[in-house]
Amino acid sequence: MSQFVKELISKMTFAEKIGQMTQLSGDFFASGNAAITGPLQQANLSQADLYRVGSVLGVSGFEQVKKIQTNYLKQSRLKIPLLFMADVVHGYRTIFPIPLALAASFDPQLVRQASEIFSREAAAGGVHVTFAPMVDLVRDPRWGRVMEANGEDPFLNSQLAKASVEGIQGLRSIPDAEHVAACVKHFAGYGAVEAGREYNTVDVSEWRLRDQYLSGYQAAIDAGAPLVMTAFNTFQGKPATGNYHLMRDILRRELGFQGLLISDWDAIGEMIAHGTAADLQAAAQQALKAGVDIDMMSMAYLKLANHNHLSSNLVALVDQAVERILNFKESLGLFADPFRGLAQRAEKQNLTTKNLQLAQQAAVESAVLLKNKNDLLPLAKDCKIGLVGNYADNPDLLGSWSWQGKTTETPTIKSALKAKFTKISSIQNQQLQTADLQLLKQQDVIVACLGLSAQQSGEATSMTQPQLPEEQLALLRQLQQLNKPVVTVLITGRPLVLDPLVKSSDSLLLLWFPGSRGAAALTQILLGEEEPGGRLPMTFPQDLGQIPLYYNHFRTGRPLTGNQSDLDNKYLSKYIDQVNQPAFCFGYGLGYAKTTLSESQLDKETYQASDSIQVMVKIENHSDIAAKQVIQVYSQQIVGETVRPLWELKAFQKVKLQPKEIRKIEIDLPLSRLKYIHSDLKSRLDPGNYRLKVGFDSQSGLRQSFKII
Ligand code: GLC
């Protein structure tokens, strides 16, 4: 603690300290009576309360930030500047593909670059902290927030969590004025809500939390995230936000987090609804003991303001929280310049050609080609295309959590295709009329752009049936009658059950919510100027009944063998009405070029625990066009102290090959990555026999064996 902060704290009243620990949304700071008669009155707060608050949520823009900060400092007795925090999750004004799409790029450098760009745009807009990255491990597409996540694999999640924080903070532990600070969320295990139902119970064992869910948060904290946000859910029967063991023992002591802990929206107050706090006072005390520094919007900490009944221990915890808050404000330079980063002409930083080009490239690298029968794609530019579907001319390609993004600035697929293809016939009707069908019969290819709306993924969008609506499936059935090649472009924020789509499409391209330049990216892909570079970061199930379905599952005592005998033996871990296989597995994705792997080998057969494995493999591009591939390395521990996943991703490398190029690839795999949580909850690397698999997805690949002694 600096002398400055120390002296400041010594001058503060208890009410001022509690104020610093409270965050209110921007509408409380609306100018004039709106604030006094509106939210303040409803929350039974005074103007004095307002001008003691420490941070504001969801405000940005030169005028707004300047006005609120200026007015606040006039009223604040000790002139402690407000912190401005907001959800800049995959873009500020330039919107990148949703995080689940960026995860499909398997490209940490791309994620780092995208994060750096949206951090710069947000900082120029006066934001100090972004509530990102979200690193909740996700395995259930019924949960709409999978769109914000990095998918189902702990290693991919941790690699991208690291890259996100590095990009957001400009590779600094404390961001400079041109970058914002990262607030990693939601601690912990929010992605494991039962039945994929939003805000539902989470009941994972501490062993599983540590073994599979914590790596993303750990990576973000190790990369320097100075803030963490609590999760809405419970852990071991206690709401995370008031969970001493989760927050003090695991987050702060074991993961080494010393930064600011902020609750999610009203999460402290929600302990009453959870039934573990009788009232706001009790909830506030539980959160305070758990180490929550900032109360977002529940006003619980404000209830502690009359401290004559608070124990000295709680008063001391308040001082510790205020110290962390003021230290953070000082580290951002806010006392020296409360308008840090705020650029008068922020607009010149936004939506620049460079930013938009990267957003477009990100959409290319995130798109996943799931089917391409008879190499229908790419298409010739003079190909006669019938363009149909609810996304053919819909600018809402930004997805949820694209706060300052504007669909009015987002080209539609129709406009982008018309700019490059010479014979596009676009049909508006979602139910094709006779004339529409006649027109489509004259085309060479039909491109159907279908998908859920942006409001059908993100927070509070759980679905029991994650699949396309009947009217879109009906459209596909109409198209099938035409006996024309159909390219289906899928816009979605979550895995869907695709079966009818797959059957009625010759080519199927998953575009996700591709962001500000997604339409242009699609055009490049359809023309063959770029190969779709994505691979699935999350399994696509065959059937809703298989959910949750993920590749890195445990073997069970009666695993499938993968051969014919599985069909004859009913006493196996399987269903009687559906296969175990997904529609599309983790890591899957096609390219236009034909590539193969061969000659995989390891530098040794036996390793010491401190070694790294040098994995060597030859990749060949058999085509006369350039190729992209994601070489994936999976490990399998033959015998563990606990059960181990069938396969686990431990390394990956995205490669781009020239036509006909043959290249030897060497991938370094530190054996420390094979550590896992034993039943005593300690992380260890076991000696013993292992297998390694090098392939283009989680199901296929060249296998090697090795031993750790
Ligand atoms: C929301 C979300 C959280 C977000 C916060 C502020 O409820 O759970 O991810 O950052 O509130 O908008």
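Begin with the lining of the largest pocket, whose residues divide into 16 nonpolar, 13 polar and 8 charged. As you select them, keep in mind that this is a predicted model.

**Stop 1: the largest pocket**

The pocket itself has a volume of about 1200 Å³, and of the 37 residues that line it, the closest to its centre are His553, Leu560, Asn580, Gln581 and Leu646, which makes these five a convenient selection on which to centre the view. If you then colour by secondary structure, look for helix α20 (565-568) and strand β25 (688-695), each of which supplies at least two residues of this lining.

**Stop 2: the sheet that contains β25**

Keep β25 selected and add its companions, since β25 belongs to an open sheet of 5 strands with mixed pairing, in the order β18-β26-β25-β20-β21. Why is one side of β18 and of β21 left without a neighbour in the sheet? The strands β18 (606-607) and β21 stand at the edges, where each has a single partner strand, and so one side of each has no neighbour there.

Within this sheet, turn to the pair formed by β25 and β26 (residues 702-708), which run in the antiparallel sense and are joined over 7 bridges. To see one of these bridges at the level of residues, select tyrosine 690 and then phenylalanine 706, which is its bridge partner in β26.

**Stop 3: the second largest pocket**

Strand β21 (648-657) leads on to another open space, because it is, together with α8 (154-168), α9 (206-222) and β23 (676-677), among the elements that each supply at least two residues of the lining of the second largest pocket. About 830 Å³ of space lies in this pocket, and of the 33 residues that line it, Arg210, Asp211, Ser215, Gln218 and Lys675 are the closest to its centre. Which element gives the most to this lining? Select α9, which contributes 8 residues. When the lining of this second pocket is coloured by class, it divides into 12 nonpolar, 8 polar and 13 charged residues.

**Stop 4: helix α17 and a cavity**

Now move to helix α17 (residues 470-480) and show the side chains of Gln472, Leu473, Leu475, Leu476 and Leu479, which are buried. These residues cover an arc of only 150° around the axis, which puts them on the same side of α17. What do the buried residues of α17 pack against? Add β12 (384-388), α16 (434-441), β14 (445-451), β15 (486-491) and α18 (499-503) to the selection, and you will have the elements that they meet.

Leu473 is also one of the residues that line the second largest cavity, along with Gln467, Leu468, Leu496, Val497, Leu498, Pro500 and Leu501. This cavity has a volume of about 40 Å³, and its lining has 7 nonpolar residues, 1 polar residue and no charged residues.

**Stop 5: the largest cavity**

The structure holds 3 cavities of 30 Å³ or more, and about 130 Å³ of space lies in the largest of them. To display its lining, select Val89, Pro99, Leu102, Val111, Ser115, Phe118, Ala132, Pro133, Met134, Glu148, Asn150 and Ser164. Helices α6 (99-104) and α7 (108-124) each supply at least two of these residues, and α7 gives the most, with 3 residues. By class, the lining of the largest cavity divides into 8 nonpolar, 3 polar and 1 charged.

**Stop 6: threonine 130**

Val89, which you have just selected in the cavity lining, is also in contact with threonine 130. Threonine 130 lies in strand β4 (residues 129-130). Is threonine 130 buried or exposed? Its relative accessibility is 0%, and it therefore counts as buried. Leaving aside neighbours within four places in sequence, threonine 130 is in contact with Ala86, Asp87, Val88, Val89, Ile168, Val180, Ala181, Ala182 and Cys183.

**Stop 7: glycine 19**

Finish at glycine 19, whose place is in helix α2 (residues 14-20). With a relative accessibility of 1%, glycine 19 counts as buried, and, again leaving aside neighbours within four places in sequence, it is in contact with Arg52, Val53 and Gly54. For a last distance across the model, select the C-alpha atoms of glycine 19 and serine 598, which are 579 residues apart along the chain and are separated by 63 Å.

Key: Residues are numbered from 1 along each chain as its sequence is written. This is a predicted model: local features need pLDDT of at least 70, side-chain atom pairs count only at pLDDT 80 or more; totals for chains, interfaces and linings use all residues. Side-chain values use heavy atoms; hydrogens and water are left out. On a 1 Å grid over the protein atoms alone, a cavity is a set of points where a 1.4 Å probe fits but cannot get out, and a pocket is an open set with protein on both sides within 12 Å along at least five of seven lines; lining residues have an atom within 4 Å of a point. Grid points are joined across faces, edges and corners, and a volume is the space filled by probe spheres set on the points. Helices (H or I, at least four residues) and strands (E, at least two) are DSSP runs, numbered from the N terminus. Ala, Val, Leu, Ile, Met, Phe, Trp, Tyr, Cys and Pro count as nonpolar, Asp, Glu, Lys and Arg as charged, and the others, Gly among them, as polar. Two strands pair if DSSP finds at least two bridges between them. Buried means under 20% relative accessible area, exposed over 50%, partly exposed in between (1.4 Å probe, protein chains only). The arc is that of the directions from the helix axis to the C-beta atoms. Contact means heavy atoms within 4.5 Å.
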